[in-house]
Amino acid sequence: MPTSRLDKSSGEEEMRKHEAVVRSTTSSLTVRTIVRYGECQKNHAASIGGYAVDGCREFMASSGEEGSTAALTCAACGCHRNFHRRIVED
């Protein structure tokens, strides 16, 4: 899993890019699909009838264990993972 680290001397913690592996089995065939999450698509101006995104380019999981609710929040923009574009790789 790719990781990105920030400068530890400045007191910032390590942030991980989120990558999920989905496996499905049919008889003797196993399919491995890698899912990544790209740029944030949340419209912050929807309540006033406009369109404005925050510019977050890639989902990076907040601190927290895999599967916890904290791991589903982006460390860069604070949005839930569902607002980020889902990229499926075979």
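**Exercise 1. Place E39 and list its partners.**

E39 lies in strand β4. Strands here are DSSP runs of E, at least two residues, numbered from the N terminus. The model is predicted: local features need pLDDT of at least 70, side-chain atom pairs count only at pLDDT 80 or more, and totals for chains, interfaces and linings use all residues. Numbering runs from 1 along each chain as its sequence is written, and side-chain values use heavy atoms, leaving out hydrogens and water.

*Solution.* Step one: find the polar contact. The side chains of E39 and R85 are joined by one of 2.7 Å. The term covers a pair of N or O atoms within 3.5 Å; within protein, one must be able to donate a hydrogen and the other to accept it, and residues adjacent in sequence count only if both atoms are side-chain atoms. Step two: list contacts (heavy atoms within 4.5 Å). Beyond four places in sequence, E39 meets C56, R57, E58, F83, H84 and R85.

**Exercise 2. Identify the largest nonpolar core.**

*Solution.* Start with the members: V35, Y37, C40, C56, F59, A61, C74 and C79, eight residues in all. Such a core joins buried Ala, Val, Leu, Ile, Met, Phe, Trp, Tyr and Cys residues through side-chain atoms within 4.5 Å. Strand β4 (residues 29–40) gives the most, with three residues. Next, take C74. Past four places in sequence, C74 touches C56, E58, F59, M60, S62, C79 and H84.

**Exercise 3. Explain why A71 counts as buried.**

*Solution.* Locate A71 in the loop between β5 (60–61) and β6 (84–89). A71 counts as buried because its relative accessibility is 3%; the cut-off is under 20% relative accessible area (1.4 Å probe, protein chains only).

Terms used: Buried < 20%, exposed > 50% of the residue type's maximum accessible area, 1.4 Å probe, protein only. Helix = DSSP H or I, 4+ residues; strand = E, 2+ residues; numbered from the N terminus.
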